[in-house]
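Got the viewer open? Let's take a short walk through this one, stop by stop.

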Amino acid sequence: MDPQKEARTARDPGAQPPASQSQTPKEEERRESGEAPAAALGEEDVDASADGLWELPVEPAERRPECSRCSRPQKVCLCPFLPVHPLHISTYLYIIQHPAEESKVLRTVPLLAACLPQDKCKVKIGRRFSEERDPELSAVCRKSGTLILYPGAEADNLEEFILDSPTYPSTIIIIDGTWSQAKDIFYKNSLFRLPKQTLLRPLRALCSFQLQHGAQIRLSKEHLLKNGLYPKPMPKNKRKLRKMELLMNSVKI
């Protein structure tokens, strides 16, 4: 190559180096499209671009229209399948609903409430209840005609209770939640251990039906500890260890 021509090429400001030597493919694309290279953007330009993003309008999420009676989206409203008029019942229902159940998709509690007179069905949402905070619920739990639907060692069959009792249950308390949520509510609120427990026979039928269709038996942690079958080592975390010790002591009692 002619030395003079080579020198002119080196001094020519318009000369572009080969892309393979000094530019990446992305930089080559920016050059051909006329975009400014990333290195040419100063910190002020970057900050200005970022600030502009915060100024963009944000559209609020629109909730689907809900039915005022069953509280379900109007497209999947179940009111055509519910009683046209509230059912006439003599028993009062108190539904103790765990806060996490309020936003569940199925939302069965509004369906039940829609089928009953408003003065016969009351829904109370929360985890903890006391005589001071809810004297009305406390008075209900202390009535002799109040039952609570909860399985346990001291629970009775509802049919037998009705046959043995001279009067029909005046109030039934129902805990709405998962098994662990219902258990937490039942044992951490002394008020709910005052009424008579029921719901043994339906629970046994439910468990039998599930086992017949492939469900697996899962033994509770209490059962495993009581029978010396707990397979895991004791936790090292102090809080978890303390919780395990309390559970073991309750099993021994």
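**Stop one: a pocket**

Start with the second largest pocket, which holds about 500 Å³ of space. Select Thr108, Ile174, Ile175, Asp176 and Gly177: of the 20 residues in the lining, these come closest to the pocket's centre. Keep in mind as you click around that this is a predicted model.

Which elements help build the lining? Colour S1, H5, S4 and H8, since each of them supplies at least two residues of it. Now colour the lining by class instead, and you should get 12 nonpolar, 4 polar and 4 charged residues.

**Stop two: the sheet**

Next, hide the side chains and show the strands as a cartoon. You're looking at an open sheet of 5 strands with parallel pairing, in the order S2-S1-S4-S3-S5. Select 121-125 for strand S2 and 196-198 for strand S5: these are the edge strands, and each pairs on one side only. Turn the view to look along the sheet and you can follow the twist, which averages 25° from one strand to the next.

Zoom in on strand S3, residues 146-149. On one side S3 pairs with S5, in the parallel sense, over 3 bridges. Pick Leu147 and look across to S5 for its bridge partner, Lys196. Leu149 also has a bridge partner in S5, namely Thr198.

S3 pairs with S4 too, again in the parallel sense, here over 4 bridges. Try Thr146, whose bridge partner in S4 is Thr171.

**Stop three: helices on the sheet**

Bring the helices back and select 108-115, which is helix H5. H5 packs on the sheet and touches strand S1 (92-97), S2 and strand S4 (171-176). Compare directions: that of H5 makes about 165° with that of S1.

Then select 179-187 for helix H8, lying across S1, S3, S4 and S5. H8 runs at about 130° to S4.

**Last stop: a pair of rings**

How many aromatic pairs does the structure hold? There are 4. For one of them, show Tyr150 and Tyr187 as sticks: the pair is edge-to-face, with 6.3 Å centre to centre and 85° between the planes. Zoom out a little to see where the two rings come from. Tyr150 sits in the loop between S3 and helix H7 (158-164) and Tyr187 belongs to helix H8, so this pair ties together parts that are 37 residues apart in sequence.

Conventions
Residues numbered from 1 in each chain as written. Predicted model: local features only at pLDDT ≥ 70, side-chain atom pairs only at ≥ 80, totals over all residues. Heavy atoms only, no water. Pairing = 2+ DSSP bridges. Axes fitted to C-alpha atoms, helices over the stretch in contact; angles between N-to-C directions. Contact = heavy atoms within 4.5 Å. 1 Å grid on protein atoms, 1.4 Å probe; cavity = no way out; pocket = protein on both sides within 12 Å on 5 of 7 lines; lining within 4 Å. Points joined across faces, edges and corners; volume = space filled by probe spheres on them. Nonpolar A, V, L, I, M, F, W, Y, C, P; charged D, E, K, R; others polar. Phe/Tyr/Trp six-rings, centres within 6.5 Å; stacked < 30°, edge-to-face > 60°.
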